[in-house]
Amino acid sequence: MTDLKPYEYYLWSPKREEYEANEIPDDINCIFCSQAEDDERISKLEIYEDDFLMVELNIFPYNTGHIMVVPKRHLNSLTELEDEERDRLFSMVAKVEELQREVVDPAGIDVGLNIGEAAGESIQHLHVQLVPIYGHDRGFMETSLDTKVMKKSLPDMQEEYKDNVEILEGYWE
């Protein structure tokens, strides 16, 4: 046990107060559907978009470079996808893996779907998450302070991915 004072266990984030003050408007039922409709009240860090899906950075990433692939049609389960939609979705997931390997050069990538609240779903709209894992993800901050350190800002990460967006283009031809 350490002699830390209670306030020394925290990582201070002044911007957190601003985020928590921005509640989702009552007339929005689904964040991803609102993003697909270009509702300016909902943030979106888009990397690629077409008539079927959106590829965007997670605004609250698990790790630097965390991307989500989101069908625009409101779905809650893989079983609701038509065969072609499923094929398109996972064709893009493979391209996003290629993009991440090119841009952030991870040691590995966690690919996941959380279907249902009990499975960790926080937004009830089907989406696939690709989380880069780096060789040095278990440094001092993570192991000693239980704090995640992001190597790059979200706008910088978005720009780097968009600079390589040609990897995603033509995913479904």
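These entries record what I looked up in a predicted model, namely a sheet and the helix that lies across part of it.

**Conventions.** I number residues from 1 along each chain as its sequence is written. As the model is predicted, local features need pLDDT of at least 70 and side-chain atom pairs pLDDT 80 or more, while totals for chains, interfaces and linings use all residues; side-chain values use heavy atoms, without hydrogens and water.

**Sheet.** I found an open sheet of five strands in the order β1-β2-β3-β5-β4, with antiparallel pairing. I took strands (E, at least two residues) and helices (H or I, at least four) as DSSP runs numbered from the N terminus, and pairing as at least two DSSP bridges. The edges are β1 (45-49) and β4 (108-112), each paired on one side only. Neighbouring strands are turned by 20° on average, direction ignored; axes are lines fitted to C-alpha atoms, for helices over the stretch in contact, with angles from 0 to 180 degrees between N-to-C directions.

**β3 and β5.** I noted three antiparallel bridges between β3 (67-71) and β5 (128-133). Isoleucine 67 has leucine 130 in β5 as its bridge partner.

**Helix α5.** I traced α5 (154-162) across β1, β2 (53-57), β3 and β5, at about 15° to β1. Its buried residues (under 20% relative accessible area, 1.4 Å probe, protein chains only) are Met157, Gln158 and Tyr161. They fall within an arc of 100° seen down the axis, so they line one face of α5; the arc is that of directions from the axis to the C-beta atoms. These residues pack against β1, β2, β3, α3 (83-103) and β5, where contact means heavy atoms within 4.5 Å.

Technical notes: Buried means under 20% relative accessible area, exposed over 50%, partly exposed in between (1.4 Å probe, protein chains only).
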